[in-house]
Amino acid sequence: MKHPDPKPDEASIFLEVTSDNGAASLPLHSSITLFLLSYTECTSFYVYLVSDHPDSLQTLSNMVPKSLDVSEVKRGEVPALVRACRLPAVLDPGGGFCRAGLAVVLRHIIQRTCQLDPGRADVASLLGFKNTCLKACAEVSQWTRLCELGIPSAVEEFLHSPTEEHLQLPAAIFHLEQRLGEPVRVHNDDKIRRQKLQQQRNKSSPQSEDPNPGKREKTFPSEPETQGLSAEALSAERYGGVELSAALAKLSVDAAPLSSARERSDIRKVKTTELPELEHVFAEGLYFTLTDVVLLPCIHQYLSSLQQHAPHALTFLPLLVCWYKRVQELPGVCRAAEDCGMALFSPEVSGFYSHQPKSPQTSEAEQEKSRVSQEHFVGGPRPTLTKLQENGIEAIFSPHPCPSWTLHWESLPAAVNPTEGKMSDTRAMRKRQQLNNLIAMVTELAHPGHTIVDFCSGGGHVGIVLAHTLPECQVILIENKEESLVRAKDRSSQLGLKNIGFIQANLDYFTGAFQIGVALHACGVATDMVLDRCVQARAGFVISPCCYGFIQNTLKFSFPRSKKFAETLTYKEHMILCRFADQTAVQLPPERRLIGKRCMGLVDLDRGWAAETHGYSVRVMTMEPESCSPKNNMLVGVPADNGKIQL
């Protein structure tokens, strides 16, 4: 492990260090990041351990790969953009572009490794089919949320009290065990399932003759595909089934595909619905992916604690124990584990244990969400609208304070114009009209020195205009799609903007202070996430919602949002309102569009009333001209206790 001076021209990774009983320790997110750096043999990042604990680097030296350039940094000395995020985080050279959150950081490490060494097919394969492994953000993907947040949190919580008298499996661990028992679905799995059926029939009828013995190749990997595997792994490959054969073939850098020869005619005639299901070899199915890298440090610590304090509990996690043993046989895993101070072991599962562990309880909110999700939304919005009207609830639209306000687009640099975002002239004109509305309201609220956050920024249409128009304000763009944010950064570089920063992260990973939050067409519950983040920061907001039909209960939000709406409508009735709020497309009949606009107003009224319970003054208004977008609502709110931001 090296301790050179910081190098600002290199990309830097910032990892959290916590204190456990007065001693420095690495939280799981930091351990996972270090494990991946070792597994990929990536040394192109300068690593900072963020801690106010003295000599934390020396204390943790056995957990940090020796090949990395590492130093300590105090929390107050961390760059501002990183300080505004939950760790881990990566800061690009120059300090203007930050990536935050476990999944985002890990995927970037893999991509960076492959950029520097395109021959690392083993590293590239960690991103899975179409490079989508853990790409979906935790707010919308239950699987990403389980792996990125649920399991690390559950394990860390368990490690604080591993000797509970009445054992209860953490819900996240229980769900992972269940997931490992589900049938595997992979792209083009028909061939592998037919090979499995053929293998099963061969085993059940060992004396049966092959009708074409000379025309078929073996279905197991060839010699180059198994080089570097242990004897135990080779044994598993030969006798563990088609799933493991496919997995091991995938792992080899020099791997050749499984046999392309056609199956026997009796195998080809079997219907797809009658083929045997594929079983899990690794966490996401047949192949070793980034998910397995994320889970290994977590499950290692969990099983180690169980082995010490409650070994009988291992009996109830047979699939997880099997997975843990299997990943230890993969090339690079044992090396990386040793590099990071992880003493992998083979869990000793005791015999039958008479007391079943408590199963995690499903919350009432989750039960209600599951029940409602199975119901069909039958009927139109009129009964719901009538019910609201009978209770004195009507959509309220405030007048636009500056309907004619517009930027002088002709005098602005080309890179400010949304046409630079690669869109048609007609769409660019409507986009400029939408921007006029948002910029007008933000300009009214902003003061010199304010930080303005453009949430769900996409290609930076809003944020770039704000940074150019308000040079005395700091503007931060937050987006979870790297391609869009890189495009925005390129546009800002053309303009030479110095008051702008970029964060690739999910909304929950941004924790910085700001005075104004803005979002243009935040999809579904993303609008509610932005509202919630603004309320937490006591910041003003200018938000244009979108995709009302995607609104649904989540772990964090339940609908309706406000007390009065919740007392009037059921969740199902609110969902009907949301579905018809999406019926505003220009090709629809005028009467239906009017109903859709009314539903939009009611959904946003509910959101506004919810914010007002936190001391906000909120107005729902319509963008001008209305034709600028079918989703032309705009919520503008300010905290009543903030004299510096006024409507």
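Two strands count as paired if DSSP finds at least two bridges between them. In this predicted model, strand β7 (residues 97-100) clears that bar with β10, since 3 bridges join the two, which run parallel. One of these contacts can be picked out by name: the bridge partner of Phe 97 in β10 is Phe 502. On β10 there is also a pairing with β9, again in the parallel sense, over 5 bridges. Here Ile 478 has Ile 503 of β10 as its bridge partner.

So how buried or exposed is β10 itself? Of its 5 residues, 5 are buried, so the strand is largely enclosed by the rest of the structure. In a regular strand, side chains alternate between the two faces of the sheet. For β10, both faces turn out to be covered: Ile 500, Phe 502 and Gln 504 are buried on one side, and Gly 501 and Ile 503 are buried on the other.

Now for the wider setting. Strands β7, β9 and β10 belong to an open sheet of 12 strands, with mixed pairing and the order β5-β4-β1-β6-β7-β10-β9-β8-β11-β12-β14-β13. The edges are taken by β5 (69-73) and β13 (616-622), each of which pairs on one side only. From one strand to the next, the twist averages 20°. Strands of a sheet pair through backbone hydrogen bonds, either parallel or antiparallel. Another parallel pairing in this sheet joins β1 (residues 12-16) and β4 (residues 46-50) over 5 bridges, with Glu 16 bridged to Val 50 of β4.

Helices pack on these strands too. Helix α1 (residues 28-39) lies across β1 and β4, at about 140° to β1. Helix α18 (residues 461-469) lies across β8 (451-455), β9 (474-479), β10 (500-504) and β11 (516-523), and runs at about 170° to β9. Over the whole chain, the secondary structure comes to 23 helices and 14 strands.

Stepping back to the chain of 647 residues, 52% of them are buried. The exposed area is about 29800 Å², with carbon and sulfur atoms supplying 50% of it. Among contacts with a separation of 6 or more, 74% are between residues 24 or more positions apart.

Aromatic rings give some handy examples of who sits beside whom. A pair of aromatic rings is described by the distance of the centres and the angle of the planes. The count comes to 12 aromatic pairs. One of them, Phe 158 with Tyr 302, is edge-to-face, at 4.9 Å centre to centre and with 65° between the planes. This pair links distant parts of the chain: Phe 158 is in helix α6 (residues 142-160) and Tyr 302 is in helix α12 (residues 290-309), 144 residues apart. Both Phe 158 and Tyr 302 are buried. Another pair, Phe 510 with Phe 514, is tilted, with 5.9 Å between centres and 50° between planes; Phe 510 and Phe 514 are buried as well. Ring pairs also tie Phe 14, Tyr 46 and Tyr 48 into a cluster.

Charged side chains join in with the rings. Arg 86 lies over the face of Tyr 509, 4.5 Å from the ring centre. Arg 179 does likewise with Trp 143, at 4.0 Å from the ring centre.

Helix α12 also holds His 300. Why does His 300 count as buried? Its relative accessibility is 9%, and buried means under 20%. Leaving out residues up to four places away in sequence, His 300 touches Tyr 324, Met 342, Ala 343, Leu 344 and Phe 345.

Finally, a few backbone oddities. Most residues other than glycine have a negative phi, and most peptide bonds are trans. The bond from Leu 87 to Pro 88 is cis, with omega near 10°, and Pro 88 is in the loop between α3 (80-83) and β6 (89-91). The bond from Phe 559 to Pro 560 is also cis, with omega near -5°; Pro 560 is found in the loop between β12 (540-546) and α21 (563-568).

Lys 130 is not a glycine, yet has a positive phi of about 55°. It lies in the loop between α5 (121-124) and α6, and counts as exposed because its relative accessibility is 66%. Cys 456, in the loop between β8 and α18, has a positive phi of about 50°. With a relative accessibility of 27%, Cys 456 counts as partly exposed.

Methods:
Residues are numbered from 1 along each chain as its sequence is written. This is a predicted model: local features need pLDDT of at least 70, side-chain atom pairs count only at pLDDT 80 or more; totals for chains, interfaces and linings use all residues. Side-chain values use heavy atoms; hydrogens and water are left out. Helices (H or I, at least four residues) and strands (E, at least two) are DSSP runs, numbered from the N terminus. Axes are lines fitted to C-alpha atoms, for helices over the stretch in contact, and angles run from 0 to 180 degrees between N-to-C directions. Contact means heavy atoms within 4.5 Å. Buried means under 20% relative accessible area, exposed over 50%, partly exposed in between (1.4 Å probe, protein chains only). Accessible areas come from the Shrake-Rupley method with a 1.4 Å probe; for residues, only the protein chains shown count as cover. Rings of Phe, Tyr and Trp (its six-membered ring) pair if their centres lie within 6.5 Å; planes under 30 degrees apart count as stacked, over 60 as edge-to-face and the rest as tilted. A charge sits over a ring if NZ of Lys or CZ of Arg is within 6 Å of the ring centre and within 35 degrees of the ring normal.
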